[in-house]
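Subject: Structure handover and notes

Dear colleague,

Please find below the structure that I said I would pass on. My notes on it follow directly after.

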Amino acid sequence: MFLINFSPVLISIYSSILNYNFFSGYRVLAGYSSIFSLSFLIPFYKKNRFVSVICILLMITTILSITRGAWLALIVVLGYYILINLRDNRKYIFKIIVMVVIVIVVLINIPAVQNNIYRRALNPFSLQSRSNWERSGMLFLSLNIFNKNPIIGIGSGNFGEYALRNPYLYKGKYFEIPTNMAPHAFFLQILVENGIIGLISYVMIFLILYKILFNKKLYLMCNDCKSYILGLRMLFLSLIIHLIFGYVAGSGRLLLGLFMGLSLSMLKKENIIYK
């Protein structure tokens, strides 16, 4: 699973270096793939120096991706890791905090990076931003479509086609819509395409995964897999942020399926321990 996430990161790094825009490029690096990789890897940080180097690289690519959702996930993941290890591993927590501070200080003192970060950080408050205009338009369009079929939705993958068949929903209000268009938010897309029933079903799935991964007894009793469980927990947190603010396509669907499978496999571990 780590390789599935890390491969796009390596490809984006290679592409940016090849085009001489590793630091100056705007959103050329794989932000969510970086934070997913970091989430799963950072619990093993204190066991291997090579892992520490990879973690630093992933922090850099997450920040340089100029993806606000990935930034939020980075804050949440590091905050959770620090909180859960604060009592027993203060030495390693101090190292992580120092490492994060150094990375941020170095990056924001590079003019091109500084400009991109300020541009993206201040963007949410700009009324002139095309991105904000399109996102707000997509939100209202999604709610309009949802009102037409609130219980079972319009069917998976039908958002763009439905809007095109009903141009009165967006003509003169928002923007032109391609057939494969979807809301820029996974849970919103589920609500529109699968209705209230579909959204409740997905929420229940994630609640079950949460209950499995954040089982305190399992974590305390499983001495040989604490880092593994912690990695899945932080991947869960970063995935939820991604699903709230982003959409799932291509390799993201494979990642989501693998994550669910690995999380459910902990039920077997739980049964063995309790026996």
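How much area does the protein expose, and what share of it do carbon and sulfur atoms supply? The exposed area is about 14900 Å², by the Shrake-Rupley method with a 1.4 Å probe, where for residues only the protein chains shown count as cover, and carbon and sulfur atoms supply 66% of that area.

Some conventions come before the details. This is a predicted model, in which local features need pLDDT of at least 70 and side-chain atom pairs count only at pLDDT 80 or more, while totals for chains, interfaces and linings use all residues. Residues are numbered from 1 along each chain as its sequence is written, and side-chain values use heavy atoms, with hydrogens and water left out.

On confidence, the average pLDDT (the predictor's confidence in each residue, from 0 to 100) is 79 for the protein, and 81% of the residues score at least 70. Helix α9 has the highest confidence, at a mean of 91, whereas helix α12 (residues 251-274) has the lowest, at 71. Where pLDDT is low, the predicted coordinates should not be read in detail.

As to the fold, the protein has 12 helices and 0 strands, both taken as DSSP runs numbered from the N terminus (helices being H or I over at least four residues, strands E over at least two). Of its 275 residues, 46% count as buried, where buried means under 20% relative accessible area, exposed means over 50%, and partly exposed lies in between (1.4 Å probe, protein chains only). Among contacts (heavy atoms within 4.5 Å) with a separation of 6 or more, 70% come from residues 24 or more positions apart.

The interior holds a largest nonpolar core of 63 residues, a nonpolar core being a set of buried Ala, Val, Leu, Ile, Met, Phe, Trp, Tyr and Cys residues joined through side-chain atoms within 4.5 Å. The residues with the most contacts inside this core are L38, I42, M59, F206, F259 and M266, and helix α11 (residues 226-245) gives the most to it, with 9 residues. I42, when residues up to four places away in sequence are not counted, touches C55, M59, L78, Y81, I96 and M234. A second, separate core has 12 residues, including F146, I154, A185 and L191.

M59 and L78 also appear in the surroundings of V100, which is in contact with both once neighbours within four places in sequence are left aside. V100 is placed in helix α5 (residues 90-108) and counts as buried because its relative accessibility is 17%; its C-alpha atom is 9.3 Å from that of I60, 40 residues away in sequence.

One backbone detail may be worth a look: I66 is not a glycine, yet it has a positive phi of about 55°. This residue sits in the loop between α3 (49-64) and α4 (68-85), and its relative accessibility of 1% is why I66 counts as buried. I66 is also one of the residues touched by I117, together with I63, W71 and I108, again not counting residues up to four places away in sequence. I117 lies in helix α6 (residues 111-122) and is buried, since its relative accessible area is 14%; between the C-alpha atoms of I117 and L64, 53 residues apart along the chain, there are 8.0 Å.

In helix α11, H242 is buried, with a relative accessible area of 11%, and touches Y32, F36 and Y247, not counting residues up to four places away in sequence. In helix α12, L267 counts as partly exposed because its relative accessibility is 36%, and its C-alpha atom is separated by 7.0 Å from that of I212, 55 residues apart along the chain.

Finally, on the surface, I151, I152, I196, I197, I200 and M204 form a nonpolar patch with about 580 Å² of accessible area together. Such patches are made of residues with over 30% relative accessible area and no salt bridge, with nonpolar side chains (Val, Leu, Ile, Met, Phe, Trp, Tyr) joined within 5 Å and like charges within 9 Å, a salt bridge being a side-chain nitrogen of Lys or Arg within 4 Å of a carboxyl oxygen of Asp or Glu. M204 belongs to helix α9 (residues 186-213).

With best regards
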